[in-house]
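Trainee: Please take a close look at one part of this model for me, beginning with a single residue in a loop, and then work outwards into the surrounding helices. I would like each term to come with its cut-offs.

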Amino acid sequence: MWRIRPRRVSSLRATFTVSFVAVACVVTVLVGILSYSAAARLVRVDQQTVFAEVVRDLRELVELDELTPQDFAPSGSGGPRDDLIRSGRTDVQVLGPRGEVVDKGSPGLPVRDSDRRTANADVPGVVVEHGEVEVGGGRYRVATVALGGGRGAVQVAQEFSDTEDLLSELQQRTLLLVSGVVLSAGLFGWWLAWRQTRRLVQLAGAAEDVARTGHLGIQVPVAGRDEVGRLGRSFDRMLVRLAQSEEDQRRLVQDAGHELRTPLTSLRTNISMLRRIDELPPRMREELVDDLALEARELTDLVNELVDLAAGQSSTEPVQRVQLADLAEDVAATARRRTGREIVLRADDDTTVEGRVGALQRAVSNLVENATKFDRGGTGPIEVVVARGGPGGPGDAEQPGPGAGPRLVRVEVLDRGPGVADGDLARIFDRFYRAPDARSLPGSGLGLSIVRAVAAAHGGAPFAFRREGGGSVIGFTVRGVGGSGAPR
């Protein structure tokens, strides 16, 4: 049977702390070891050098003069023995011709066979060295120098156990210091990691709350100007956008459900009448069939516009450079063939924008269709204007965003219809909104809301105002090439 091991959760704070402590530990240990080794080596070499100089001086002394063991007796008046003791803090012991101790040192040094042979040597300055000798619980360096002529020898000794004890104490203190530094580094690393990762932990908690609850109104920490602060602000803006998108979807579903009830109810009523179609007079049959065809057409138009509106909000169409004048000319030509109306296009030379061709074409087409629907009298041409700059007419329902000017390109459609009432100018771009005098006309009230969605996705905004002499001017702006807005 397979055992499922729980997944270990890696903490960024713990990782940062451990890494900081590891680096501090390695650096501190290396510095401590190198410092102690260098100090110990310098002390030991210095002591060895001093002892070697004492032995050398003693050899030179016995080689120059024919000295006897009595010459190294304690005198207190600056004799050879006193010079040796002062020069190297050494212990001196004098041996006779047969290696017997004539003047015992303090402490007394052991005499070996090699020392006795040296004491009986004929040549002065013969040296025998003992690297480490245990004397009275201490450790000494010992050297025996022959006086020559079989007259005896002089033993000199240097204690180094006290130095080793000092170095051992230094080693212990170094270890304690290293341990203290590592512990301090651990505490400081934990505090630093807590300080640096606190906002990241809060961001992770906010993301987990969103994933767990689905609630997008989570408070996100956005303090700071560093990368973490930027991440917090970006995450907060993302949640705002997601919340707005969720709200737009909810409203779209609610509004669509509300608008679909009327044609569906009418269709159900008329379909129920089809069961009795044989009982109806011919004229009522024709009215029933015509009503069914009208309701089906309106339902189809409503569904198509809902699909277009949803596609405009989450389009995956690639962004490319578009000449709005050429696009508007194609839309105008199509409208002329379908309606037989005179449609005039006026365009500036350079109307290049970066956007999605299908969405922009849908927005311009909706404006032209809206004009042909309301300008039923046909007293004049419908005008399509594509120009640089924002709208200049009074009574804009929605003003374009900041930066209006040369970087904006506007598309506006002018008609000579009844115009838009002042009270409706602020609402004609809302979803499913239809002015009271337009409710008898075909349509779903989604065409201009699609225009607003396309304009917003291209860094612009819709606008509408009454036209002098009668009629309306309805259009939208798009961020031109070089502007900061980009289609979303």
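Mentor: Arg416 is partly exposed, with a relative accessible area of 32%, where buried means under 20% relative accessible area, exposed means over 50% and partly exposed lies in between, for a 1.4 Å probe and protein chains only. This is a predicted model, in which local features need pLDDT of at least 70 and side-chain atom pairs count only at pLDDT 80 or more, while totals for chains, interfaces and linings use all residues. Residues are numbered from 1 along each chain as its sequence is written, and side-chain values use heavy atoms, with hydrogens and water left out.

Arg416 sits in the loop between strand 10 (408–414) and helix 9; helices (H or I, at least four residues) and strands (E, at least two) are DSSP runs, numbered from the N terminus. The C-alpha atom of Arg416 is separated by 9.6 Å from that of Glu383, although these positions lie 33 residues apart in numbering along the chain. The loop between strand 10 and helix 9 also holds Asp430, which counts as partly exposed at 25% relative accessibility. The C-alpha atoms of Asp430 and Ser449, 19 residues apart along the chain, are separated by 5.5 Å.

From this loop we can move on to helix 9 (residues 447–457), whose axis comes within 9 Å of that of helix 8, the two crossing at roughly 145 degrees. Axes here are lines fitted to C-alpha atoms, for helices over the stretch in contact, and angles run from 0 to 180 degrees between N-to-C directions. The crossing of helix 8 with helix 9 is left-handed; a crossing is left-handed if the near helix is turned anticlockwise from the far one by less than a right angle, and right-handed if clockwise. On the helix 8 side the contact (heavy atoms within 4.5 Å) involves Ala359, Leu360, Arg362, Ala363, Asn366, Leu367 and Asn370, which meet Gly447, Leu448, Ile450, Val451 and Val454 of helix 9. Sorted by class, these are eight nonpolar, three polar and one charged residues, where Ala, Val, Leu, Ile, Met, Phe, Trp, Tyr, Cys and Pro count as nonpolar, Asp, Glu, Lys and Arg as charged, and the others, Gly among them, as polar.

Helix 8 (residues 357–374) also packs with helix 7 (residues 324–339), their axes coming within 10 Å and crossing at roughly 45 degrees. Helix 7 and helix 8 are therefore oblique to each other, given that angles under 35 degrees count as roughly parallel, over 145 as roughly antiparallel, 65 to 115 as roughly perpendicular and the rest as oblique. The helix 7 and helix 8 crossing is right-handed. Helix 7 brings Leu324, Leu327, Ala328, Val331, Ala335, Arg338 and Thr339 to the contact, while helix 8 brings Val357, Leu360, Gln361, Val364, Ser365, Val368, Glu369 and Thr372. In terms of class, the contact of helix 7 with helix 8 has nine nonpolar, four polar and two charged residues. Leu360 of helix 8 appears in the contact with helix 7 and also in the contact with helix 9.

For comparison, consider another helix pair: helix 1 (residues 12–64) and helix 4 (residues 161–213) pack at an angle of about 160 degrees, with their axes 8 Å apart. That makes helix 1 roughly antiparallel to helix 4. Their crossing is right-handed, and by class the contact has 24 nonpolar, 10 polar and four charged residues.

Arg141 is a further residue to set beside Arg416. Arg141 lies in strand 4 (residues 138–146) and counts as buried, at 12% relative accessibility. Leaving out residues up to four places away in sequence, Arg141 touches ten residues' worth of neighbours listed as Arg44, Gln47, Gln48, Phe51, His130, Gly131, Val156, Ala157, Gln158 and Phe160.

As for the wider setting, the protein has nine helices and 12 strands, and 40% of its 488 residues count as buried. Among contacts with a separation of 6 or more, 66% are between residues 24 or more positions apart.
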